[in-house]
Amino acid sequence: MNCNWACIGCGHIANEMAQAFEQKGRSFYCVYSRTRENAEKFALKYNIKKVCGSAEEIFEDKNVDIVYIATPHNRHIEYIVKAAQAGKHILCEKAITLNSHELALAKKVCEENGVILAEAMTIFHMPVYKTVLKYIEDKTLGKTKLVEVNLGSDKQYDMKNRFFNPDLAGGAMLDIGVYALSFIRFFLSENANDIKSSVKLAPTGVDEQAVLILSNSKNEMASALLSLKAKLPKKAVVSFENGYVEFENYNRCVEAKITFINGKDPIEIRSDENISPLCYEIEDMEEAVSGGKNNMRLDYTEDVMEIMTRLRNEWGVVYPEEKNNA
């Protein structure tokens with residue numbers, strides 16, 4: 001089933017999603033941006049027929065099936081609620097909301113209006129992960145023991161972008177920590193309940209880098225290094241009873257290797273590197289919307305948001321919207 005998608009926001013990730021639609025021989029049905037000039041350029045670039053003058057125009061359009069939200073984090077809840085009330089399904093970029101309170105509200109409104117809500121988390125949809133999951137489910141790998149994942153980049157202190165700007169919900173946790181914690185949650189059999197951390201705050205007060213140590217009641221353990229001021233390889237390792245799995249470029253993973261400890265030949269897993277990982281998000285979302293299997297993993301999104309909210313509270317990283325709503 002091909003749905004009509006509306007796009008709110010025209011930044012980097014929205015461009016990647018538009019390119020994913022191009023790979024599938026399609027385009028967004030309509031687009032809205034805070035700056036009309038940006039929306040018109042975006043529409044021309046990606047052959048989008050309709051430019052909306054307001055988000056409300058999208059919500060009122062009966063032809064729109066799914067709203068894709070790609071704005072800064074602190075605008076997500078507003079658009080989620082309005083889209084749900086208009087009966088639109090929602091795929092929202094990560095982090096889906098600022099905190100667990102907002103996510104609970106978003107979920108409630110979506111349930112009341114009978115629409116699907118999901119976070120655009122590539123890890124939940126890419127073929128490499130689905131293949132590894134089969135080896136977990138058939139007991140080939142055994143129980144999960146340890147998860148190690150890192151993500152770091154070197155960003156400039158520039159308040160025009162979102163990375164360090166509290167007014168744009170900046171900080172490592174919501175920007176890149178959501179990837180690491182989603183990866184960890186995917187491989188834990190239940191959410192972590194024992195969480196320890198060390199954090200360095202940026203001059204603006206948001207979290208610049210952090211070290212996380214997590215475990216759950218089944219003694220599954222995980223660690224994560226996060227930084228917006230130190231480049232780290234995007235590599236992750238999951239250790240099981242019978243071996244371990246290494247993931248290259250794990251947030252856009254097309255390659256993984258299973259190494260067994262009992263002498264069995266290793267297994268190399270590859271998917272087509274020419275296909276945008278966002279194509280798989282589109283496919284899974286449309287399947288869920290059409291009444292098929294829902295693989296959007298909102299329960300994992302909730303678990304990750306619970307951890308992120310807890311840690312930011314411990315660190316004292318509070319955004320203006322949260323202060324206003326306290």
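This report describes the open sheet of a predicted model and some of the helices around it.

## The sheet and its edges

Six strands make up an open sheet, and reading across it the order is E3-E2-E1-E4-E5-E6, with parallel pairing. Strand E3 (50-51) and strand E6 (117-119) stand at the edges, and because each has a single partner strand, one side of each is left without a neighbour in the sheet. As a general point, the strands of a sheet pair through backbone hydrogen bonds, in either a parallel or an antiparallel way.

## Strand E4 and its two partners

Strand E4 (residues 66-69) is joined by four bridges to strand E5 (residues 89-92), and the two run parallel. Within this pair, Tyr68 stands opposite Leu91 of E5, while Ile69 stands opposite Cys92 of E5. Four bridges also join E1 to E4, again with the strands running parallel, and here Trp5 has Ile66 in E4 as its bridge partner.

The two faces of E4 are both covered, since Ile66 and Tyr68 on one side are buried, as are Val67 and Ile69 on the other.

## From E4 to E5 through helix H4

Together, E4, H4 and E5 make a right-handed β-α-β unit. Helix H4 (residues 76-85) is itself mostly covered, with seven of its 10 residues buried. Which residues of H4 are buried? They are His76, Ile77, Tyr79, Ile80, Val81, Ala83 and Ala84. After H4 comes Gly87, a residue with a positive phi, near 80°.

## Helix H8 across the sheet and against H1

Helix H8 (residues 277-289) lies across several strands, namely E1 (5-8), E4, E5 and E6, and it runs at about 155° to E5. With respect to the direction of E5, H8 therefore counts as roughly antiparallel, because its angle of about 155° falls in the range over 145 degrees.

H8 also packs with helix H1 (residues 12-23), at an angle of about 75° and with the two axes 8 Å apart. H1 and H8 are therefore roughly perpendicular to each other, as angles from 65 to 115 degrees are counted in this way. On the H1 side, the contact is made by Ile13, Glu16, Met17, Ala20, Phe21 and Gln23, and on the H8 side by Leu278, Cys279, Glu281 and Ile282. Sorted by character, the residues of this contact between H1 and H8 comprise seven nonpolar, one polar and two charged.

Terms used:
Residues are numbered from 1 along each chain as its sequence is written. This is a predicted model: local features need pLDDT of at least 70, side-chain atom pairs count only at pLDDT 80 or more; totals for chains, interfaces and linings use all residues. Side-chain values use heavy atoms; hydrogens and water are left out. Buried means under 20% relative accessible area, exposed over 50%, partly exposed in between (1.4 Å probe, protein chains only). Two strands pair if DSSP finds at least two bridges between them. Contact means heavy atoms within 4.5 Å. Axes are lines fitted to C-alpha atoms, for helices over the stretch in contact, and angles run from 0 to 180 degrees between N-to-C directions. A crossover is right-handed if, with the strands pointing away from the viewer, the path from the first strand over the helix to the second runs clockwise. Angles under 35 degrees count as roughly parallel, over 145 as roughly antiparallel, 65 to 115 as roughly perpendicular and the rest as oblique. Ala, Val, Leu, Ile, Met, Phe, Trp, Tyr, Cys and Pro count as nonpolar, Asp, Glu, Lys and Arg as charged, and the others, Gly among them, as polar.
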